[in-house]
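User: Hi! I'd like to understand the reasoning behind the labels used for this model. Could you take me through it?

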Amino acid sequence: MAALGALVKKAWSVRRFVVLLCAPLALVPVLLSLPPKEGRCLYVILLMALYWCTEALPLAVTALLPIVIFPFLGILPSNKVCPQYFLDTNFLFLSGLIMASAIEEWNLHRRIALRVLMLVGVQPARLILGMMLTTSFLSMWLSNTASTAMMLPIANAILKSLFGEKDTSKDMNRENEENQASFQQNKLYTVPTEMQFLASTEDKDLAEEKEISSDALSDLKKEEEYKTNIWKGFLISIPYAASIGGTATLTGTAPNLILLGQLKSYFPECDVVNFGSWFMFAFPLMLIFLLMGWLWISILYGGINLRGWKTKKSNIRVDAEARAKEVIKEDYKKLGPTKFAEQAIFFFFCMFAIMLFSRDPKFIPGWASLFAPGFISDAVTGITIVIILFFFPSQKPSFRWWFDLKAPNTETQPLLTWRKAQETVPWNIILLLGGGFAMAKGCEESGLSVWIGGRLHPLEGVPPPVAVILITVVIALFTEFASNTATIIIFLPVLAELAIRLKVNPLYLMIPGTIGCSYAFMLPVSTPPNSIAFSSGHLMVKDMARTGLLMNLMGVLLLSLAMNTWAKSIFQLGTFPAWANIHAENATSFVTAVENVTLSAL
């Protein structure tokens, strides 16, 4: 097994080396088949897309390529490329990451999670609902990966108290070893959890029984199947809830912010998308999808038994649920009384959300209207709140200290130190966002987006509602195999031009594409949360494929419903807006200029 692993690693290294060297040469025909500037820009985009999909280079390193290649190929000067990596959208995302770091520092997220689980109850269906609600709420503010990694150990401890140690057959053990080896070879995300101990044997008392009746064997088999299904339902619900929850806020996941940044690049006059308007659209969609997903998972894995609503619970299950309730209470007690720092973080977290939501909610004047128009953005709001975290004391200040000359002059620890922020904030995501914005700027300046739009004539006859469904399906399938961030960076320029060709509001196509990137449920490699859950060894690919297929379909249909109902009034999707019309006129003049230059050259 070790030799096989070493061989796979060598093969992976060779493949990366081949992709790094051969991809630039293989894409040279693109330079020769298109107009000079558009061809060069498309060459860079395809090269980056190939590197992103194969991970021949780290994602963040690939995102830095425009800084080097755009100036050398004459696409954009460096003074236009570099600022794209530090737009106000990046700082809005940074403020969310810093706030999440402070929440994790003081274990506020764990207290919230355990409190919610105490409220929903310990029946399996209710616990799955509690897990999904808590994970999705945390994922609105923390990263999807961090939310999943935090909730899985809690779920494992509860399952352990419900069912004891999980019995596994030799075949299952062998399959789990293969799964773990596969994850190590493919460098997927893993997280240490109590699952490492779940493959131990059942109580030894069972081995001492001499005779077991056929009825008892049948009941035991049914109980084991029930246990296995509930276990899978718990594990699979957490990453799904994290992916769904991340869509509810602009800062919840990177594709949402990439949409905001590219809107500002392509349509500078567009001001209808901000934290408040996005929340009003995406939060109801998240709740509906979460409820539908919970019903599907609970029915599929036995949390809800449609045939036996009136069936009386066995004493074993009643005792197990009582033990699970005690485990949750015990974990909550271990946190101790609420600290001053937790109360302060919760207050600033609420301020963070309320101020972002109320800055410019569109349906009423926001507090930003008190200042000069255009000066206050969501980034200003977010950074203002998180700066306070670096000097606000983590212990309750004593006013007596100011008047006691003999009091020791000890330095108080702030709610968040810069060292902690450096360690916990994923700075690579900031670079990844910047690479997406630089790519979008290159498409706009080079005229590539207009050239792509000119090749979309066959799609002009497609009805817009059908286009929404097709776009969401295509992107949801594509992101099953590629990074959702890379996927949306590649697709958004095409969707913007397609919307202009169809004469519909660009948001009508760009928003479904953005959210569709987060609807990747079918494969372990689709998202880091899926990988974390799968790495426990108790889920198989067919479990995720069977569950995720209907989740994808539900997501596509619910998103289409949202875009054709309440989203129309929030984003004014029923009309072709003036800010998009200006872009269309500029594109037309650009095409005319290119045609004139071509004719004069002939």
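User: Happy to begin with helix 14. How do you know that the distance between its end C-alpha atoms agrees with its number of residues?

Analyst: Glad to help, and please keep in mind that this is a predicted model. Helix 14 covers residues 275-300, which is 26 residues, so at 1.5 Å a residue the expected span is 38 Å. The end C-alpha atoms are 35 Å apart, which agrees.

User: Where in helix 14 does a kink lie?

Analyst: At Ala282, where the bend is about 25°. The proline Pro284 follows shortly after that kink.

User: What is found at the start of helix 14, and what just after it?

Analyst: At the start, a side-chain oxygen of Asn274 comes to within 3.0 Å of the backbone nitrogen of Gly276. That value falls inside the 3.5 Å cut-off for a polar contact. Just after helix 14, Gly302 has a positive phi of about 85°.

User: Why is Met292 called partly exposed?

Analyst: Its relative accessible area is 36%. Buried would need a value under 20% and exposed a value over 50%, so Met292 falls in between. This residue belongs to helix 14. Leaving out residues up to four places away in sequence, Met292 touches Met554 and Leu558. Met292 and Leu558 are 266 residues apart in sequence, while their C-alpha atoms are 9.8 Å apart in space.

User: On to helix 5. What makes its buried residues lie on the same side?

Analyst: The buried residues of helix 5, which runs over residues 65-72, are Leu65, Pro66, Ile69 and Phe70. They cover an arc of only 100° around the axis, so they sit on the same side of helix 5. As for partners, these buried residues pack against helix 3 (36-54), helix 4 (59-63), helix 6 (78-81) and helix 19 (427-446). Gly74, just after helix 5, takes a positive phi of about 75°.

User: Helix 19 is among those partners. Why is helix 19 described as mostly covered?

Analyst: Of the 20 residues of helix 19, 14 are buried. The span of this helix can be checked too: at 1.5 Å a residue, 28 Å is expected, and the end C-alpha atoms are 29 Å apart, which agrees. Just after helix 19 comes Gly447, with a positive phi of about 85°.

User: Why do Ser265 and Ser518 count as buried?

Analyst: The cut-off is a relative accessible area under 20%. Ser265 has 9%, so it is buried. Ser518 has 3%, so the label holds there as well. Ser265 is in helix 13 (residues 254-266), and beyond its neighbours within four places in sequence it contacts Ala440, Lys441 and Glu444. Ser518 is in the loop between helix 23 (507-516) and helix 24 (528-534). Leaving out residues up to four places away in sequence, Ser518 touches Ser243, Thr247 and Thr253.

User: And why is Glu423 called exposed?

Analyst: Exposed requires a relative accessible area over 50%, and Glu423 has 57%, so it earns the label. Glu423 lies in helix 18 (residues 418-424). Its C-alpha is 9.2 Å from that of Ser101, although the two residues are 322 apart in sequence.

User: What makes the phi values of Asn107 and Gln572 worth a remark?

Analyst: Most residues other than glycine have a negative phi. Asn107 is not a glycine, yet its phi is positive, about 60°. Gln572 is not a glycine either, and its phi is also positive, about 50°. Asn107 is in the loop between helix 7 (88-105) and helix 8 (108-120), and Gln572 in the loop between helix 26 (566-571) and helix 27 (578-601). At 36% relative accessibility, Asn107 is partly exposed; Gln572, at 41%, is partly exposed too.

User: To finish, what does the protein come to as a whole?

Analyst: The secondary structure has 27 helices and zero strands. Of the 602 residues, 50% count as buried. The accessible surface is about 28,800 Å², and 64% of that belongs to carbon and sulfur atoms. Among contacts between residues at least 6 apart in sequence, 82% join residues at least 24 apart.

How values were computed: Residues are numbered from 1 along each chain as its sequence is written. This is a predicted model: local features need pLDDT of at least 70, side-chain atom pairs count only at pLDDT 80 or more; totals for chains, interfaces and linings use all residues. Side-chain values use heavy atoms; hydrogens and water are left out. Helices (H or I, at least four residues) and strands (E, at least two) are DSSP runs, numbered from the N terminus. The expected span of a helix is 1.5 Å times one less than its number of residues. The bend at a residue is the angle between axes fitted to the seven residues ending there and the seven starting there. A polar contact is a pair of N or O atoms within 3.5 Å; within protein, one must be able to donate a hydrogen and the other to accept it, and residues adjacent in sequence count only if both atoms are side-chain atoms. Buried means under 20% relative accessible area, exposed over 50%, partly exposed in between (1.4 Å probe, protein chains only). The arc is that of the directions from the helix axis to the C-beta atoms. Contact means heavy atoms within 4.5 Å. Accessible areas come from the Shrake-Rupley method with a 1.4 Å probe; for residues, only the protein chains shown count as cover.
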